[in-house]
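Reader: I should like to learn how to read a structural model at the level of single residues and of the empty spaces between them. May we work through one example together?

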Amino acid sequence: MELPALGWQSIVIFVVFALSLLIATYCTYAERVIAAFLQDRVGPDRAGPYGLAQPLADAVKMFTKEEFFPGGANKALFIFGPCLAMITALMSSAVIPFGNNMSFGNNAFFLQGIEVNIGMLWVFGVVSLGVYGVMIGGWASNNKFSLLGAVRAASQNISYELAMGMALIAVLMISGTLSLRDITLQQSVAGEWHFWNIVKQPLGFIIFLVCAFAETNRTPFDLPECETELVGGYHTEYSSMKLGLYLFSEYVNIFVVSAVMSVLYFGGFNFPFQYELRDWLVSNHGWELASAQNLITILGTVGLFLKIFAFIFFFMWIRWTLPRFRYDQLMRLGWTILIPLAVINILITGGLILFGVIN
């Protein structure tokens, strides 16, 4: 790879991580605003205009709070737990294609951190490592409530990753690839924008969406940090920025899983009539093909982020609407309903492919 191209790709990697952090930061603000709207009350309005500086105030508060280590805790693991949770959350965004290719002179690059042909396995592998951050933090706290929360998180994540993985298998059967970029490009056939994977896999999408709530420990699947039973769950003993990393990693995971769902089922950076718009700019307005493609890429990136923000809003809407399940209900839903439904979805998809209904 030439140095200029490598330099552009390095900038893209930096921007991807910066955007992940920025969006996760202001997700905390959006959570409060949406909660206030749904509960018909005033949200954050003191820190800056319309409360926009509230995330910065929270960061200052977290950094300046007193550091606390419980008696008998393993200090090294107590610190390592939230760090691992945050690192794995950020790493999973590296393979998400946020846009198509951009061209500047002889240099072309993709709006994606890294492109590997096993991108979906990368996401699943890294996300699976995140549960170790929760388990280590809960165990190292030397607190029974924290340990119970960590055990709940581990069993919940393992249970729902099975159904999520099988829902994904149906998409992979259609696409024939694990690359998130290839899956996105397959949904960009000219004149066929309405054949995004959501049309071919509605049941798989519903299963994946429910499992996404469980994987991110969001209500109604927030049993690992259930205040009514476990005080604060796996992060009961945490304070200062160590607690902030746990809370922050949750919002990064919401952003990542929203991006993955947008890519797998809603066309990623594709939008309706993109090729018609590009051809119209080239033929009717004399644009160069590279310039027209750059504009389409920018519009596609904006479209992808609008899809992501819609999913983030949905996550927050559900949190302030539905009560949490009991733990036995949560496990029953995963093992006796979602997994059998995912198996049925695989069989249906295989039959449709066999008889040429979908390809």
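Author: The dialogue below takes up the origin of the model, then its spaces, some helix residues, two loop residues and a database record.

Reader: What kind of model is this, and from where are the residues numbered?

Author: This is a predicted model, in which local features need pLDDT of at least 70, side-chain atom pairs count only at pLDDT 80 or more, and totals for chains, interfaces and linings use all residues. Residues are numbered from 1 along each chain as its sequence is written, and side-chain values use heavy atoms, with hydrogens and water left out.

Reader: How many cavities of 30 Å³ or more does the structure hold?

Author: Rolling a probe the size of a water molecule over the atoms shows where empty space is left. On a 1 Å grid over the protein atoms alone, a cavity is a set of points where a 1.4 Å probe fits but cannot get out, whereas a pocket is an open set with protein on both sides within 12 Å along at least five of seven lines; lining residues have an atom within 4 Å of a point. Grid points are joined across faces, edges and corners, and the volume is the space filled by probe spheres set on them. Here there are 2 cavities of 30 Å³ or more, and the largest has a volume of about 410 Å³. Its lining comprises 29 residues, with Val-127, Asn-157, Glu-215, Thr-216 and Asn-253 closest to the centre.

Reader: Which elements give two or more residues to that lining, and how does it divide by class?

Author: Helices are DSSP runs of H or I with at least four residues, strands are runs of E with at least two, and both are numbered from the N terminus. The elements concerned are α3 (75-91), α4 (119-140), α5 (144-175), α8 (202-215) and α10; the largest share, 9 residues, is that of α4. Ala, Val, Leu, Ile, Met, Phe, Trp, Tyr, Cys and Pro count as nonpolar, Asp, Glu, Lys and Arg as charged, and the others, Gly among them, as polar. On that basis the lining of the largest cavity has 17 nonpolar, 8 polar and 4 charged residues.

Reader: What is the volume of the largest pocket, and which residues lie nearest its centre?

Author: The largest pocket holds about 880 Å³ of space. Among its 34 lining residues, those nearest the centre are Thr-28, Arg-32, Leu-247, Phe-248 and Tyr-251. Two or more lining residues come from each of α1 (3-38), α2 (54-64) and α10 (240-265). The classes are 15 nonpolar, 7 polar and 12 charged.

Reader: Is Ser-20 buried or exposed, and what does Ser-20 touch?

Author: Buried means under 20% relative accessible area, exposed over 50%, and partly exposed in between, with a 1.4 Å probe and protein chains only. Ser-20, in helix α1, counts as buried because its relative accessibility is 0%. Contact means heavy atoms within 4.5 Å. Not counting residues up to four places away in sequence, Ser-20 touches Leu-90, Ser-93, Val-252 and Phe-255. In addition, the Ser-20 side chain reaches the backbone oxygen of Val-16 at 2.9 Å.

Reader: Which residues are in contact with Ser-258 and with Thr-349?

Author: Both lists leave aside neighbours within four places in sequence. Ser-258, in helix α10, is buried at 0% and is in contact with Ile-308, Phe-311, Ile-312 and Phe-315. Thr-349, in helix α13 (residues 327-354), is buried at 1%; its contacts are Ala-170, Met-173, Ile-174, Gln-201 and Ile-358.

Reader: What is phi of Asn-217 and of Phe-273?

Author: Most residues other than glycine have a negative phi. Asn-217, in the loop between α8 and α9 (227-230), has a positive phi near 55° and is buried at 9%. Phe-273, in the loop between α10 and α11 (274-285), has a positive phi near 65°.

Reader: Which residues does UniProt list for "transmembrane region"?

Author: UniProt positions are given in the numbering used here, feature names are shortened, and annotations may be inferred rather than shown by experiment. The unreviewed UniProt entry lists several such regions, including 77-99 and 330-358. In the model, residues 77-99 are 65% helix and 4% strand, with end C-alpha atoms 38 Å apart. Residues 330-358 are 86% helix and 0% strand, and there the end C-alpha atoms are 33 Å apart.

Technical notes
A polar contact is a pair of N or O atoms within 3.5 Å; within protein, one must be able to donate a hydrogen and the other to accept it, and residues adjacent in sequence count only if both atoms are side-chain atoms.
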